Amino acid sequence: MFDFLKKKPEKPEPAKPAEAPTRAGFSPEDLARAFTVHQEEKQARLEAERAEGREAMRGTLGGTLFARSLGGLFARNPKLDEDLLDEIETALITADVGVTATREIVERMRKRMKARDFADAQALLTALRNDLLAMLKPVAKPLGIDAEAKPFVILTVGVNGVGKTTTIGKLARRFQLDGHTLMLAAGDTFRAAAVEQLKIWGERNNVAVIAQGQDADPASVAFDGLQAAKARGVDVLIADTAGRLHTQQGLMAELGKIRRVLGKVDARAPHEVLLVIDGTTGQNALNQLRQFHAAVNVTGLVVTKLDGTAKGGVLFALAREFGIPIRFIGLGEKPEDLRVFDPEGFVDALLPGTLGA
Ligand SMILES: Nc1nc2c(ncn2[C@@H]2O[C@H](COP(=O)(O)OP(=O)(O)O)[C@@H](O)[C@H]2O)c(=O)[nH]1
Ligand SMILES: [Mg+2]
């Protein structure tokens, strides 16, 4: 199963003495070989993570009501008729795919059914799988850290309790494993406990946390953080913010200020504005994204708490309506539970294994 791991050489091959070494003691061939080995290792790690992620998704998402009702359809080998379309519609609505997206999907299936596109119900269900996948593929764009940006600034926003601070911790760990240096800015100055939460996390993981304490101006914390990160030549800066309701105009405007202040230090910062969404909130997620996007121009999404919810369908509605990249999904509270969004893995976790293969 993990064949690609076996192919990986134990060590870089010894340099051949044929070419004259350069002054630094490394020939261009040495450097090229080292680069290739590094790329191969990175690729192998990504592949291994994807395989692990797929298993994790099957384990967590596979048990949800959404997966059970969709999986039930596929397993039963139903008749190719209007009743099947009704069942699909119910399954999608129940899973919070949303009324509009559901209607579109079902309408497409109905048209094709009438055009005698499907030999049997199984063919229709396979088309449904492809349709679901096609909705998610355009938003599956993993977050890349631009090495030119020093630091690459990530601003995390979202309503209260969605998992912003937890996600920052998980991301920081991921970036460290990828060999990036990083720093955090404790921009949730609403609650003393929030600043403390990030500081403790930073100490435990050897990551510097820039903070000014409770009630400080979050824009000023972000500004300080960016200047410090720049001065120390750090690769990535992640700024936390206080949770706010998308309906609180004043607080939403504050996000715009944080954005502008960061832009004064580096015109391209923040390079990523991550909106964290609680996957159990259902269709309200759409309102949240709409409002946050208007205030601060969201460039990526993290959908958390998809473990044990029947509402994972909201990803389809988000993808359809906004087309903003879904960077990560949260499948639990452990660091490794934050997974790079993998649409095939996600869709196949919702459907029976035989189809996904
Ligand atoms: N089950 C589950 N819990 C999560 C996930 N992500 C975050 N949480 C929990 O959600 C709660 C709120 O998280 P926190 O990061 O403090 O939210 P914040 O207010 O947005 O900063 C914590 O108890 C987290 O452990 C997830 O993917 N799955
Ligand atoms: Mg927080």
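A residue is called buried here if 20 or more other C-beta atoms lie within 10 Å of its own, exposed if 12 or fewer, and partly exposed in between. With that in hand, here are the views, all taken from a predicted model.

**Figure 1. The whole chain, with its 14 helices and 8 strands.** Let's start with the overview. The C-alpha trace spans about 70 × 65 × 30 Å along its principal axes. Of the 357 residues in the chain, 39% are buried. Among contacts with a separation of 6 or more, 75% join residues 24 or more positions apart.

**Figure 2. Confidence along the chain, where pLDDT averages 87.** A score of at least 70 is reached by 92% of the residues. Among the elements, strand 1 (residues 152–157) has the highest mean pLDDT, at 98, while helix 1 (residues 3–7) has the lowest, at 47. Over residues 1–11 the pLDDT is below 50, and beyond near neighbours in sequence this stretch has 8 contacts in the model.

**Figure 3. Helix 2, which runs over residues 28–61.** This helix invites a quick ruler check. Helix 2 has 34 residues, so at 1.5 Å a residue it should span 50 Å; the 48 Å between its end C-alpha atoms agrees with that. Its buried residues are Gly 53, Ala 56, Met 57, Thr 60 and Leu 61. Those residues pack against helix 3 (65–76), strand 8 (338–340) and helix 13 (343–350).

**Figure 4. The packing of helix 5 (residues 99–114) on helix 6 (residues 121–136).** The angle between the two helices is about 140 degrees, and their axes are 11 Å apart. Helix 5 is therefore oblique to helix 6, since angles over 145 degrees would be needed to count as roughly antiparallel. The crossing of helix 5 and helix 6 is right-handed. On the helix 5 side, the contact is made by Ile 105, Arg 108, Met 109, Arg 112 and Met 113. Helix 6 contributes Leu 124, Ala 127, Leu 128 and Asp 131.

**Figure 5. Helix 11 (residues 284–296) beside helix 12 (residues 314–322).** Here the packing angle is about 35 degrees, with the axes 9 Å apart. Helix 11 passes helix 12 in a right-handed crossing. Ala 285, Leu 286 and Leu 289 of helix 11 meet Val 314, Ala 317, Leu 318, Glu 321 and Phe 322 of helix 12.

**Figure 6. The surroundings of helix 12, with buried residues Val 314, Leu 315, Phe 316, Ala 317, Leu 318 and Ala 319.** What covers these buried residues includes helix 5, helix 6 and helix 11. Strand 6 (300–304) and strand 7 (326–330) are also among the covering elements. Just after helix 12 comes Gly 323, whose phi is positive, at about 65 degrees.

**Figure 7. Two residues with positive phi, Arg 116 and Lys 305.** Most residues other than glycine have a negative phi, so positive values deserve a second look. Arg 116 sits in the loop between helix 5 and helix 6, and its phi is near 55 degrees. Arg 116 counts as exposed because it has 8 C-beta neighbours inside 10 Å. Lys 305, in the loop between strand 6 and helix 12, has a phi of about 60 degrees. Lys 305 is buried because 22 other C-beta atoms lie within 10 Å.

**Figure 8. Two cis peptide bonds, one from Lys 150 to Pro 151 and one joining Ala 269 and Pro 270.** Most peptide bonds are trans. The bond from Lys 150 to Pro 151 has omega near 0 degrees, and Pro 151 belongs to the loop between helix 6 and strand 1. For Ala 269 and Pro 270, omega is about -5 degrees. Pro 270 is in the loop between helix 10 (249–265) and strand 5 (272–278).

**Figure 9. Lys 137, in the loop between helix 6 and strand 1.** With 13 other C-beta atoms within 10 Å, Lys 137 is partly exposed. How far from Lys 137 is Phe 341 in sequence, and how far in space? The two are 204 residues apart in sequence and 10.0 Å apart in space, C-alpha to C-alpha.

Note on methods. Residues are numbered from 1 along each chain as its sequence is written. Chains are lettered from A and ligands numbered from 1 in the order in which they are written. This is a predicted model: local features need pLDDT of at least 70, side-chain atom pairs count only at pLDDT 80 or more; totals for chains, interfaces and linings use all residues. Helices (H or I, at least four residues) and strands (E, at least two) are DSSP runs, numbered from the N terminus. The expected span of a helix is 1.5 Å times one less than its number of residues. Two residues are in contact if their C-beta atoms, placed from the backbone, lie within 7 Å. pLDDT is the predictor's confidence in each residue, from 0 to 100. Axes are lines fitted to C-alpha atoms, for helices over the stretch in contact, and angles run from 0 to 180 degrees between N-to-C directions. Angles under 35 degrees count as roughly parallel, over 145 as roughly antiparallel, 65 to 115 as roughly perpendicular and the rest as oblique. A crossing is left-handed if the near helix is turned anticlockwise from the far one by less than a right angle, and right-handed if clockwise.
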